[in-house]
Amino acid sequence: MHEIITLQLGTSANYLATHFWNIQEHAVRSPTPTSHHLPLEDIVDHDVLFRQGLAPDRSTVTFTPRALIYDRGRSFGALKRVNELYQEPELKQDPSGAESLEKIEQDQFPLHPFQTSLDETEDGAGDSSLLSDNNVNAWSDYATQFFHPRSYLQVNPTASSQLNFDDFDHGVDLFRQRDAQVEIFDNDLRSFLEDSDGLQGFQIIASLSDGWSGFTSSMVTLLADELPKQTRWLFATGSPASRLHHHNIARTLADTEENLTAFVPFLTRASYSASADAAAWLDDLTLPARRLNDKLAYSDITSFLYTDRILRSAKHGSQSLTPSLDVTAPSERRFLVTRTPPNDSTGTPARDGLESALGQDSALTTTYSWPRARLLPKCFPHTQAWSSGTDDRSVSIEDSATGARTFLKDLRDMVQGIRGAHGYTERKELVSELLEYEDRYRGEMDEELGSSAGDEDEDFV
């Protein structure tokens with residue numbers, strides 16, 4: 001079935017991923033958007049992202065995401081580990097000892113009104129007017145998708161880093177702490193791997209501007225060691241606001257680049273609306289890997305880009321979702337791959353066509369276009385790039401040497417700007433790695449002109 005397992009690491013990552021799973025849940029529940037389009041069940045293989053199972057009553061069939069959701073305790077909000085699909089069993093008490101038991105309850109996170117409205121609206125979609133950036137305090141406030149209890153993986157940093165979980169090393173320590181307690185590969189991952197007949201890879205959505213950067217780096221290393229042949233895509237979220245935050249991103253990139261298929265820095269904030277566009281982009285870009293017919297492997301999506309580089313930028317039409325990588329010159333060489341739409345006039349799907357064009361510059365772009373009415377749930381915020389009535393579903397993933405070098409140089413400048421003796425040697429080595437990495441992004445036109453940003457050899461102070 002070519003399954004994809006999703007790993008969600010950190011709060012800003014879960015804001016994005018919640019929108020992504022809401023889109024999937026809505027697509028499963030509302031398969032036919034308009035009369036002249038094919039129903040989604042005739043196009044999309046939902047088994048790629050979802051797993052089938054049985055509820056504890058052994059009679060109710062469940063359909064839940066192949067996802068592992070890591071976050072700190074309070075970040076889960078009012079979300080319960082059990083839900084309507086997996087009810088918590090009632091405990092039988094011995095009447096003779098009931099009076100001696102003292103019931104202790106922790107302060108509960110308030111349930112968002114939108115969650116209550118899901119049961120009160122006729123279509124089960126909830127009252128989206130109750131959602132806004134001002135009243136959404138946790139990603140679970142607007143979640144509509146049920147998960148298997150094993151998907152919810154609450155982790156708690158040590159007391160010293162709990163209040164300031166802002167450093168790469170804190171995340172590494174947290175990963176080691178959890179691995180020592182439960183063995184992450186055997187306890188967290190194994191059940192999802194055993195449910196996969198033909199796993200094609202992992203999509204990792206991770207917060208990289210805080211301590212989750214170190215946790216992510218350790219997770220990628222574990223996956224590469226245990227499952228070296230699988231595709232691993234890393235979608236970076238988070239909003240870097242300091243030199244330390246940029247340092248976290250740089251360390252993650254340096255530690256993981258040899259073990260990743262693609263690194264796409266969205267750098268979105270942990271916000272209800274700010275994380276939405278990237279989630280819709282991710283839904284569209286992965287559609288080729290989730291089709292019933294003419295399915296592409298996840299690795300095929302980047303197969304037309306440079307294979308020795310992993311930094312990618314994301315675009316919807318002409319709008320960039322990764323501005324830091326979007327410095328593409330008009331004269332750039334472009335290798336464009338467009339998947340043509342099904343034949344709507346006959347109502348039958350045509351085999352996807354592949355159209356290629358080679359321009360004059362060093363940027364390679366893969367673009368996928370889908371002419372279907374967009375299936376966004378009511379709880380999806382109205383954003384400029386993605387509206388419910390939009391039929392043009394054109395998304396791109398781009399490999400731009402110019403953009404990548406600029407992104408890497410900005411990271412390098414921020415790391416170089418950190419002062420102090422603590423970590424000096426590590427920062428110096430990191431700057432050297434970033435300089436070496438910039439060298440890989442020299443385009444042919446740069447070489448012809450005899451210039452490259454990678455030739456800079458600035459002294460580290």
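## A residue between two helices

Glutamate 183 lies in the loop that separates helix 4 (168-182) from helix 5 (184-194). In this predicted model, the phi angle of glutamate 183 is near 60°, a positive value in a residue other than glycine. That is worth a look, since most residues other than glycine have a negative phi. The relative accessibility of glutamate 183 is 46%, so this residue counts as partly exposed.

Another loop residue to visit is proline 288, found between helix 8 (276-285) and strand 9 (313-316). Is proline 288 buried or exposed? With 0% relative accessibility, proline 288 counts as buried. Its C-alpha atom is separated by 7.9 Å from that of isoleucine 301, although the two residues are 13 apart along the chain.

## Overall make-up and confidence

The protein contains 11 helices and 14 strands. Of its 461 residues, 53% count as buried. The accessible surface comes to about 21,000 Å², and carbon and sulfur atoms account for 47% of that surface. Taking contacts between residues at least 6 apart in sequence, 78% join residues at least 24 apart.

How confident is the predictor? The mean pLDDT is 78, and 71% of the residues reach 70 or more. Two stretches deserve some care if you plan to work with the coordinates. Over residues 89-94, pLDDT stays under 50, and the model has 2 contacts beyond four places in sequence for this stretch. Residues 451-455 also stay under 50, and here the model has 11 contacts beyond four places in sequence.

## Nonpolar cores

Nonpolar side chains tend to be buried together in soluble globular proteins. Here, the largest nonpolar core has 49 residues. Those with the most contacts inside this core are Leu9, Tyr70, Phe202, Ile204, Met219, Phe263 and Leu311.

Phenylalanine 263 is a handy place to start exploring. Setting aside neighbours within four places in sequence, phenylalanine 263 is in contact with Leu208, Leu234, Ala236, Leu253, Ile310, Leu311 and Arg312. There is also a second, separate core of 45 residues, which includes Val48, Leu364, Tyr368 and Cys379.

## Aromatic pairs

How many aromatic pairs does a search of the whole structure find? The search gives 19. In one of them, the ring centres of phenylalanine 50 and phenylalanine 63 are 5.2 Å apart and the planes meet at 15°, so the pair is stacked. This pair links distant parts of the chain, with phenylalanine 50 in strand 2 (residues 50-54) and phenylalanine 63 in strand 3 (residues 61-65), 13 residues apart. Phenylalanine 50 has 2% relative accessibility and so counts as buried, whereas phenylalanine 63, at 28%, is partly exposed. Both belong to a cluster that ring pairs build from Phe20, Trp21, Phe50, Phe63, Phe76, Trp139, Phe147 and Tyr152.

Tyrosine 437 and tyrosine 441 offer another geometry: their pair is edge-to-face, with 5.5 Å centre to centre and 85° between the planes. Tyrosine 437 is buried, at a relative accessible area of 5%, and tyrosine 441 counts as buried too, at 0%.

## A charge over a ring

One more arrangement involves an aromatic ring. The charged end of arginine 51 sits over the ring of phenylalanine 192, at 4.4 Å from the ring centre.

Technical notes. Residues numbered from 1 in each chain as written. Predicted model: local features only at pLDDT ≥ 70, side-chain atom pairs only at ≥ 80, totals over all residues. Heavy atoms only, no water. Phe/Tyr/Trp six-rings, centres within 6.5 Å; stacked < 30°, edge-to-face > 60°. Helix = DSSP H or I, 4+ residues; strand = E, 2+ residues; numbered from the N terminus. Buried < 20%, exposed > 50% of the residue type's maximum accessible area, 1.4 Å probe, protein only. Lys NZ or Arg CZ within 6 Å of the ring centre and 35° of its normal. pLDDT = per-residue confidence, 0-100. Contact = heavy atoms within 4.5 Å. Core = buried A, V, L, I, M, F, W, Y, C linked by side-chain atoms within 4.5 Å. Areas by Shrake-Rupley, 256 points an atom, 1.4 Å probe, with all protein chains shown as cover.
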